[in-house]
Amino acid sequence: MLPHYRLKLGDRLPVILRPLLPDDRTRIIDAFKRLSPESTYFRFWTRFHGVNPTFIDRLCAEDQGQHVSWIIVIENNDEVPGVGGGSFWRSGEEADLAEVSFTVADEFQGQGAGTLLLAALWEHARASGILRFVANILESNEVMLTWWTSLGAASVQHPHGREMTLVLDEAALPDTSAANRLQRWLAFLRSPPPDAQP
Ligand SMILES: CC(C)(COP(=O)(O)OP(=O)(O)OC[C@H]1O[C@@H](n2cnc3c(N)ncnc32)[C@H](O)[C@@H]1OP(=O)(O)O)[C@@H](O)C(=O)NCCC(=O)NCCS
């Protein structure tokens with residue numbers, strides 16, 4: 001079984017960071033229903049009501065080495081389906097490349113959840129032989145563009161947005177607050193304190 005971590009987000013919110021399980025299907029549907037139109041648009045590039053059931057099936061399917069999802073849930077809280085989640089999907093053409101995506105609930109954005117999810121996906125990807133993450137980002141998604149630029153990701157312009165590529169090499173990270181935060185979470189995941197295991 002993959003590790004679960006108990007930690008405080010933003011030094012105050014008690015959460016569990018763990019891999020997504022097939023049993024999380026209802027939780028994920030509820031979480032996407034609560035997402036604002038803007039966040040939904042940034043994540044899916046389309047304005048829709050309700051999530052495609054096929055997408056949920058693919059997301060919650062057991063890891064076949066091709067895709068992995070991690071989620072953050074609030075500890076002992078059944079009211080809020082989740083703080084956020086992130087996934088990577090390995091490229092069919094290049095085995096050391098994976099496309100990554102994130103969704104953090106609107107009320108929890110800007111509190112470090114995205115960075116923590118990236119750290120979990122980074123560690124999982126490196127252990128699976130993945131060396132680069134690519135993210136497809138809408139041109140209007142300033143938070144994501146600024147965040148990944150601060151991590152040193154390379155950018156290629158496309159008609160509606162940008163494809164940003166992040167090399168999963170800590171030594172290549174720039175000296176920015178976003179990269180420093182990511183490095184702190186990577187260090188935490190590699191050597192969690194004893195009380196971080198639920
Ligand atoms: C993009 C997203 C995943 C980031 O998650 P998050 O939990 O807000 O990210 P973090 O709190 O870890 O912050 C990451 C960086 O973005 C910055 N940031 C986050 N929200 C911000 C906001 N609303 N305004 C300005 N900066 C913001 C943080 O300051 C941080 O940079 P820093 O370390 O230099 O300070 C989240 O905003 C989201 O889910 N957006 C909607 C869906 C989406 O765009 N998905 C990505 C598609 S690939």
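**Helix H4 and the ligand shell**

In helix H4, the buried residues are Ala-113, Gly-114, Thr-115, Leu-116, Leu-117, Leu-118, Ala-119, Ala-120, Leu-121, Trp-122 and Ala-125; buried means that 20 or more other C-beta atoms, placed from the backbone, lie within 10 Å of the residue's own. The model is predicted: local features need pLDDT of at least 70 and side-chain atom pairs count only at pLDDT 80 or more, while totals for chains, interfaces and linings use all residues. Residues are numbered from 1 along each chain as its sequence is written. Helices (H or I, at least four residues) and strands (E, at least two) are DSSP runs, numbered from the N terminus.

Because eleven of its 15 residues are buried, H4 is largely enclosed by the rest of the structure. H4 covers residues 113-127 and should span 21 Å at 1.5 Å a residue, which agrees with the 21 Å between its end C-alpha atoms; the expected span is 1.5 Å times one less than the number of residues. Just after H4, Gly-129 has a positive phi of about 85°.

H4 also helps to surround the ligand. It supplies at least two residues of the shell, as does each of helix H2 (37-44), strand E5 (97-104), strand E6 (132-138), helix H5 (142-150) and helix H6 (177-190). The ligand is surrounded by 24 residues, the closest being Phe-42, Phe-102, Gly-110, Gly-114 and Thr-115.

Elsewhere, helix H1 (residues 25-34) packs against helix H3 (residues 53-60) at an angle of about 130°, with the axes 10 Å apart. H1 is therefore oblique to H3, oblique being any angle outside the ranges under 35 degrees, over 145 and 65 to 115.

Technical notes:
Buried ≥ 20, exposed ≤ 12 C-beta atoms within 10 Å, placed from the backbone. Near = placed C-beta within 6 Å. Axes fitted to C-alpha atoms, helices over the stretch in contact; angles between N-to-C directions.
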